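Work through the exercises below with the model open. Try each task before reading its solution.

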Amino acid sequence: MEETDYGIPGPGRGDDQNSGQEVPGQTARQIESVSGMYQDWFLDYASYVILERAVPDIRDGLKPVQRRILHSMKRMDDGRYNKVANIIGHTMQFHPHGDASIGDALVQLGQKELLVDTQGNWGNILTGDSAAAPRYIEARLSKFALDVLFNPKTTEWKASYDGRNREPVTLPAKFPLLLAMGVEGIAVGLASKILPHNFTELIDASINYLQGRGFVLYPDFPTGGLIDVARYNDGLRGGVIKSRARIEKADKKGLIITELPYGKTTGSLIDSIIKASEKGKIKIRKIDDNTSGKVEIIVSLVPGTSPDKTIDALYAFTDCEISISPNSCVIAGNSPVFMGVSDILRFSADQTVSLLKQELEIRLGELEAEWHFSSLERIFIEKRIYRDIEECETWEAVIEAIDKGLEPYRKRLKRDVTRDDIIRLTEIKIKRISKFDAFKADEHIRGVETEIEEVKNHLKNIVPFAINYFRQIKKKYGTGRDRRTEIRSFDTIQATKVVANNARLYVNRKEGFIGTGLRKDEFVCECSDIDDIIVFRKDGTYLITKVADKVFVGKDIEYLQVFLKNDERTVYNVIYQDGKEGPLLAKRCAVTGLTRDKEYNLTRETPGSRIMWFSANPNGEAEVVMVHLKPRPRLKKPVFDFDFGTLSIKGRSSVGNLVTRNPAMRITLKEKGLSTLGGRKIWFDDSVNRLNDEGRGKFLGEFAPADRILVVTKNGCFRTTGFDLSHHFEDNVLLIEKFNPASVFSAIYWDAGQGFYYVKRFSFEETEKLQYFIQEGPESKLVSLTEVEYPRFEISFGGKHKERQSEIIEVAGFIAIKGYKAKGKRLTNYTVDNIMELEPVVKKEASVVPQPVEGPAEEPGLVHDVTEPEAKPSRGDDPAQMKLEL
């Protein structure tokens with residue numbers, strides 16, 4: 001075989017009669033043809049996948065396979081459940097891609113619990129369990145789907161793939177299904193990811209849009225959890241949301257995960273937790289999955305492990321927190337379009353108005369046709385026009401006779417009489433003519449006229465009609481569709497602060513090596529494999545470096561420890577000799593941030609400088625040291641004290657203060673010092689329910705190491721806790737402040753068990769565990785909590801005692817101060833209508849008037865229920881005069 005110019009074997013030249021002749025350029029043309037076909041076919045394939053497989057249509061929010069499934073189910077619908085296997089088989093008349101894709105799409109539709117009613121084992125989105133085989137499970141269209149998705153009169157049809165049937169181009173959806181269900185699809189060079197949104201919020205947003213008001217949409221996931229939507233970007237490319245599991249503290253020994261991030265199952269979440277534990281990022285003893293109808297993953301902690309830090313570590317190192325990048329892409333105008341969820345909702349609302357208008361116009365035409373024929377029928381029977389055809393011998397004569405008989409009455413009609421009208425009159429049976437009731441006929445015509453006027457009125461007011469349509473949908477189907485995912489602002493978790501210590505740091509001071517693999521050398525501390533280490537050497541140089549198995553940092557190591565970035569409270573006290581014969585200088589400084597593996601210097605970098613004294617103080621302590629000078633003639637004081645408390649804390653590059661110009665022999669510790677930094681200022685940020693020292697939120701005060709924080713919840717519980725920034729707090733916090741055991745509180749609560757209101761005065765006590773200070777019970781509720789010294793309340797009566805005059809209770813004289821466990825004293829035996837707090841009798845300082853709470857309007861002075869989410873504590877300028885009213 002020979003080769004052509006294109007490297008493809010050509011025909012042999014042996015005994016062929018064309019041997020020796022030149023071969024035409026057919027091969028080149030074939031290659032060019034194949035290349036062209038590849039370009040055309042690939043483009044056709046990509047377009048087909050985008051338009052017919054992966055990306056939903058904006059008009060009904062469905063992919064083709066979903067639309068064909070719902071169309072088949074509508075054709076099969078008789079009110080009863082159908083086997084999924086039968087639905088799949090019926091759908092294959094319209095969908096040419098096999099039963100597997102149809103079955104998977106149908107299961108996904110069923111699990112969304114919106115368009116399909118299911119029966120049998122349809123799997124579990126929480127655990128990831130798959131559905132049973134199609135022959136064992138059943139489905140039918142939901143009432144909601146029948147109401148909003150189907151109307152053959154407004155549906156555009158096309159032929160199916162084999163031409164034997166017809167299928168809808170799109171379904172006439174009168175609801176933003178695309179946003180309610182969400183969608184995810186990957187096509188050729190294109191992807192779409194639209195997150196699901198809340199059913200009732202979509203209706204409210206549609207109503208707001210039609211009323212000309214603004215709206216905002218955020219995702220809502222069936223698995224619940226928490227989301228941060230600060231960067232949602234209306235669902236467009238470039239946006240990101242963070243989804244978290246809901247984690248609760250069972251006690252000091254365990255955590256409970258009760259809700260999942262979007263797209264995760266209990267199995268995948270547990271796997272990520274186990275992997276993080278195996279890598280040493282978190283410390284857990286065991287993990288149990290008790291999920292059935294609700295998520296319940298129990299994480300048992302290693303004794304001594306902080307539950308709060310473990311929660312943050314779960315968010316930092318496992319799938320308990322994930323980032324989701326939406327990409328809102330839809331088919332609009334037969335091409336893919338990137339469109340935000342707000343624009344999608346606007347399009348859906350406008351389309352709903354248009355479809356409702358079409359339906360009304362169709363209905364108006366039907367009513368006018370009904371009125372026309374009913375009027376014709378009445379004239380035909382009452383005026384006995386049917387007798388005019390008795391002598392007619394031909395069909396045309398019959399038509400002409402009826403037409404002539406109707407001539408005097410044409411002015412009563414709204415349109416002209418057609419041949420079809422006359423033919424329909426001839427089809428009236430004798431039995432109907434003989435039993436014709438003029439009164440009923442008139443009544444029917446008046447009913448049709450009334451309905452025509454009603455339809456015309458709806459058409460004139462189509463937008464209010466559409467708004468009412470949405471309200472009816474919400475009233476009929478909105479029950480039980482409250483938001484499941486809580487919208488929160490997430491605090492940024494620094495991994496280095498929450499990672500568990502999974503390694504041990506060692507040092508070889510002689511050779512200058514540090515690392516986690518030097519197990520035969522000196523142990524320094526426990527650390528994690530992502531920590532940075534700060535190292536100070538005797539010559540005053542220092543650096544930070546990453547934890548490693550073994551790394552050289554220089555000989556003559558003075559001090560090393562895990563480095564905490566931006567830590568302003570750890571203060572280094574240093575005395576160094578400036579050069580070989582120079583004076584002693586002292587300085588106090590904090591090291592808050594450095595460039596990794598870059599050397600810095602505590603001294604003036606004079607050759608021969610060395611550190612004589614070094615201490616690291618985590619809370620800014622200032623010790624007193626004894627300086628021992630070298631003996632020399634006429635030296636009056638060879639030993640003297642130096643107090644670091646006399647020095648100010650300055651920058652790490654400061655020179656320092658002079659200690660002595662005499663040469664020193666050694667420096668020793670005389671006594672340990674106290675912190676010179678004062679209390680630590682702490683704020684509470686209610687947007688993320690976390691403490692901080694950066695000035696965000698409500699200022700709680702300056703805290704010494706022994707100080708505590710008091711936390712009171714709206715359901716009548718309290719606890720005290722430390723001020724570690726990693727602490728997590730309850731979602732229903734009513735009051736959070738610096739704990740003062742001497743503060744006296746007055747509380748009024750409803751005791752559901754006794755059926756009366758009680759009042760008590762008490763002081764809170766230190767306790768780590770949540771304790772009730774009212775009678776425990778699901779229906780008992782806290783009505784008012786105040787820290788005013790002499791509170792007064794006015795009680796208004798209702799029910800059978802509404803004629804009784806209001807009473808004023810001065811709490812200080814009504815009941816004595818007792819423990820928080822005391823039941824208190826019954827406020828009254830009569831039926832109470834309202835309890836209102838009055839100005840106290842004696843006040844040390846004037847209290848600020850409480851700000852009105854957000855929410856529904858209430859009568860003036862009415863004490864609100866503590867359980868209302870809008871309620872917020874109000875307080876005076878003086879903490880001792882604080883007053884809470886809800």
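**Exercise 1. A covered helix**

Which residues are buried in helix 9?

Solution. The model is predicted: local features need pLDDT of at least 70, side-chain atom pairs count only at pLDDT 80 or more, and totals for chains, interfaces and linings use all residues. Residues are numbered from 1 along each chain as its sequence is written, and side-chain values use heavy atoms, with hydrogens and water left out.

Step 1. Fix the terms. Helices (H or I, at least four residues) and strands (E, at least two) are DSSP runs, numbered from the N terminus. Buried means under 20% relative accessible area, exposed over 50%, and partly exposed in between (1.4 Å probe, protein chains only).

Step 2. List the residues. Pro307, Asp308, Thr310, Ile311, Asp312, Ala313, Leu314 and Tyr315 are buried in helix 9.

Step 3. Set this against the length. Helix 9 spans residues 307-317, and 8 of its 11 residues are buried, so the helix is mostly covered.

**Exercise 2. A strand residue and its partners**

Find where Ile247 sits, then list what it touches beyond its sequence neighbours.

Solution. Step 1. Ile247 belongs to strand 12, residues 246-251.

Step 2. Ile247 has a relative accessible area of 11%, so it is buried.

Step 3. Take contact as heavy atoms within 4.5 Å. Leaving aside neighbours within four places in sequence, Ile247 is in contact with Leu255, Ile256, Ile257, Ile311, Leu314, Tyr315 and Cys320. Among these partners, Ile311, Leu314 and Tyr315 are buried residues of helix 9.

Step 4. Check one pair. Ile247 and Ile311 are 64 residues apart along the chain, and their C-alpha atoms are separated by 7.1 Å.

**Exercise 3. A salt bridge inside one helix**

How far apart in sequence are Arg363 and Glu366?

Solution. Step 1. Use the rule: a salt bridge is a side-chain nitrogen of Lys or Arg within 4 Å of a carboxyl oxygen of Asp or Glu. Arg363 and Glu366 meet it, at 3.5 Å from N to O.

Step 2. Place the pair. The two residues are 3 apart in helix 10, so about one helical turn separates them. An α-helix has 3.6 residues a turn, so residues three or four places apart point the same way.

Step 3. Read the exposure. Arg363 is partly exposed, at 29% relative accessibility. Glu366 is partly exposed, with a relative accessible area of 29%.

Step 4. Look further along the chain. The C-alpha atoms of Glu366 and Ile452 are separated by 9.6 Å, with their positions 86 residues apart in sequence.

**Exercise 4. Salt bridges between elements**

Locate the partners of two further salt bridges, Arg596 with Asp532 and Arg680 with Asp693.

Solution. Step 1. In the Arg596 and Asp532 salt bridge, the closest N and O atoms are 3.1 Å apart. Arg596 lies in the loop between strand 28 (584-589) and strand 29 (600-601), and Asp532 in strand 23 (residues 532-537), so the pair ties together parts that are 64 residues apart in sequence.

Step 2. Compare the ends. Arg596 is partly exposed at 43% relative accessibility, whereas Asp532 is buried at 15%.

Step 3. The side chains of Arg680 and Asp693 form a salt bridge at 3.0 Å, N to O. Arg680 is in strand 36 (residues 680-685), and Asp693 is in the loop between strand 37 (690-692) and strand 38 (698-703), 13 residues away.

Step 4. Arg680 is partly exposed at 24% relative accessibility. Asp693 is partly exposed at 35%.

Step 5. Widen the view. Arg246, Glu259, Glu486, Arg488 and Asp731 are linked in a network of salt bridges. The count for the protein comes to 50 salt bridges.

**Exercise 5. A buried acid**

Is Asp421 buried or exposed?

Solution. Step 1. Asp421 is in helix 12, residues 419-426.

Step 2. Asp421 has 9% relative accessibility, so it counts as buried.

Step 3. Beyond its neighbours within four places in sequence, Asp421 is in contact with His372, Phe373, Leu376, Arg415 and Asp416.

**Exercise 6. The whole chain**

How many helices and strands does the protein have?

Solution. Step 1. The secondary structure comes to 17 helices and 51 strands.

Step 2. Of the 886 residues, 45% count as buried.

Step 3. Among contacts between residues at least 6 apart in sequence, 66% join residues at least 24 apart.
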